[in-house]
Amino acid sequence: MRSTDGEGGLIALLADGTIAFGFDTPQLAWGWRRSAGAPVAGTTVEEAWEVDSDAGVTVVPGVAPDRVDQR
Amino acid sequence: MERPDRYAPGMPVLLIHGGAGRIAPHRRDAYRHGLAAALDAGFAVLSGGGSAVDAVCAAVASMEDDTAAFNAGTGSALTASGTVECDAAVMDGAGRVGAVACVSNARHPVQLARRVLDASPHVLMVGSGAEALEPEPIDPKTLITPASHAAWRRWRAQATKPEGSATCGAVALDRDGRLAAATSTGGVLGQAPGRVGDAPIPGRAPGRTRASRSAAPVGAKRSSGARPPEAWRSRSSAATIPAAPSTTAWRRCGPQTAKGA
């Protein structure tokens, strides 16, 4: 996504479930939702959505490091 | 020991955006409402065991139907001629792409892009050729809302060049670990008819990295002024870092691998 002024942003999702989004434009409307606590979805979810004016890059980690070690 | 508050393989994820740029304060609640509705639409697909491609299309179609907030589908920004011309694209994790540009007869341009992906040997189709694939063509005037027409009248009275821009998009990871992304936009208010932006261009708007399992810029904390919303501050472990440098790490590439260009 990019404004006509050349500013913009990016959303990204990695295969390990990591969520990342960032922007350097005045605002970004974003949201995410993912299941939590059960491999079968529809039970517990974590989520957020916002019209954000705080430019930067935000990362919501996916698989926890200790879980990675266990695999 | 299980960590029920953390993501694990097999748990679906949906990430969406409803546009970047200047969003008027009095419209922010409409954006928030539309974002929640899009998350509901897309995550319902994932929760039912649907594919990532189906989920991103559902989420983006929800935003295309939203007439109060997003610049896509119904309520899109109008061209200099006062018409609607929509662009959209869908990409799966294997790099297969379907995209359309300058289409005016589709209620859901993202679903038309999906038809290009699934039912054509092509990647990007434009104008009348793309519109011919629409199974349920609509009157283009139905995509114009009172608000989008009023914005166009104001632009025509005052502006001398195209202005504003916003694209809707979604990325999803389904239960089987498949990734997909989709984008949709009405373009720029006052754009010349026939103008195509970057939203439907593979590798520009929808894209993927070859090192997606390891390229995440994770771990640093935002240096100052961090304001994570209450919703995730209490429920997840978001990490934030300063703007700019890390975005360059997400090098995108989009060459077709499963379909010929």
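These exercises work through a predicted model, with a solution after each task.

**Exercise 1. Helix α2 of chain B**

Find how many residues α2(B) has and how far it reaches. Then decide why it counts as largely enclosed.

Solution.
- Step 1: α2(B) has 14 residues. From first C-alpha to last, α2(B) reaches 20 Å, close to the 20 Å expected at 1.5 Å a residue.
- Step 2: A residue is buried if 20 or more other C-beta atoms lie within 10 Å of its own. In α2(B), 12 of the 14 residues are buried, so the helix is largely enclosed by the rest of the structure.
- Step 3: The buried residues include B:Ala52, B:Val56, B:Ala59, B:Ser62 and B:Glu64.
- Step 4: Look at what covers them. The cover includes helices α1 (28-47) and α3 of chain B. It also includes strands β1 (13-21), β2 (86-92), β5 (168-173) and β6 (179-185) of chain B.

**Exercise 2. Packing of α2(B) with α3(B)**

Describe how α2(B) and α3(B) cross, and list the residues that meet.

Solution.
- Step 1: Two packed helices are described by an angle and a distance between their axes.
- Step 2: Here the axes of α2 (residues 52-65) and α3 (residues 109-119) of chain B come within 8 Å. They cross at roughly 145°.
- Step 3: From α2(B) come B:Cys57, B:Val60, B:Ala61 and B:Glu64. From α3(B) come B:Pro109, B:Val110, B:Gln111 and B:Arg114.
- Step 4: Sort these residues by character. The contact has 5 nonpolar, 1 polar and 2 charged residues.

**Exercise 3. The largest nonpolar core**

Which residues touch the most other members of this core, and what gives the most to it?

Solution.
- Step 1: The core holds 86 residues. B:Leu14, B:Leu15, B:Val56, B:Ala59, B:Val90, B:Ala170 and B:Ala172 touch the most other members.
- Step 2: α2(B) gives the most, with 10 residues.
- Step 3: Take B:Ala59. Leaving aside neighbours within four places in sequence, B:Ala59 is in contact with B:Leu14, B:Ile16, B:Ala38, B:Leu39, B:Ala41, B:Gly42 and B:Ala170.
- Step 4: For context, nonpolar side chains tend to be buried together in soluble globular proteins.

**Exercise 4. Two residues of chain B**

Classify B:Leu179 as buried or exposed. Do the same for B:His26.

Solution.
- Step 1: B:Leu179 lies in strand β6 of chain B. B:Leu179 has 21 other C-beta atoms within 10 Å, so it is buried.
- Step 2: Check the contacts of B:Leu179. Not counting residues up to four places away in sequence, B:Leu179 touches A:Leu13 and A:Ala15, along with B:Ala52, B:Gly93 and B:Leu173.
- Step 3: B:His26 sits in the loop between β1 and α1 of chain B. With 7 other C-beta atoms within 10 Å, B:His26 is exposed.
- Step 4: Add one distance. B:His26 and B:Ala170 are 24 Å apart, C-alpha to C-alpha, and 144 residues apart in sequence.

**Exercise 5. Confidence in chain A**

Set out the elements of chain A, then find where confidence is lowest and where it is highest.

Solution.
- Step 1: Chain A has 1 helix and 5 strands, in the order β-β-β-β-β-α.
- Step 2: The average pLDDT is 74, and 66% of the residues score at least 70.
- Step 3: Confidence is lowest in helix α1 (residues 65-70) of chain A, at a mean of 40. It is highest in strand β3 (residues 27-35) of chain A, at 90.
- Step 4: Residues 65-71 of chain A have pLDDT below 50, and this stretch has 4 contacts beyond near neighbours in sequence.
- Step 5: Where pLDDT is low, predicted coordinates should not be read in detail.

Key
Residues are numbered from 1 along each chain as its sequence is written. Chains are lettered from A and ligands numbered from 1 in the order in which they are written. This is a predicted model: local features need pLDDT of at least 70, side-chain atom pairs count only at pLDDT 80 or more; totals for chains, interfaces and linings use all residues. Axes are lines fitted to C-alpha atoms, for helices over the stretch in contact, and angles run from 0 to 180 degrees between N-to-C directions. Helices (H or I, at least four residues) and strands (E, at least two) are DSSP runs, numbered from the N terminus. Two residues are in contact if their C-beta atoms, placed from the backbone, lie within 7 Å. Ala, Val, Leu, Ile, Met, Phe, Trp, Tyr, Cys and Pro count as nonpolar, Asp, Glu, Lys and Arg as charged, and the others, Gly among them, as polar. A nonpolar core is a set of buried Ala, Val, Leu, Ile, Met, Phe, Trp, Tyr and Cys residues joined through C-beta atoms within 7 Å. The expected span of a helix is 1.5 Å times one less than its number of residues. pLDDT is the predictor's confidence in each residue, from 0 to 100.
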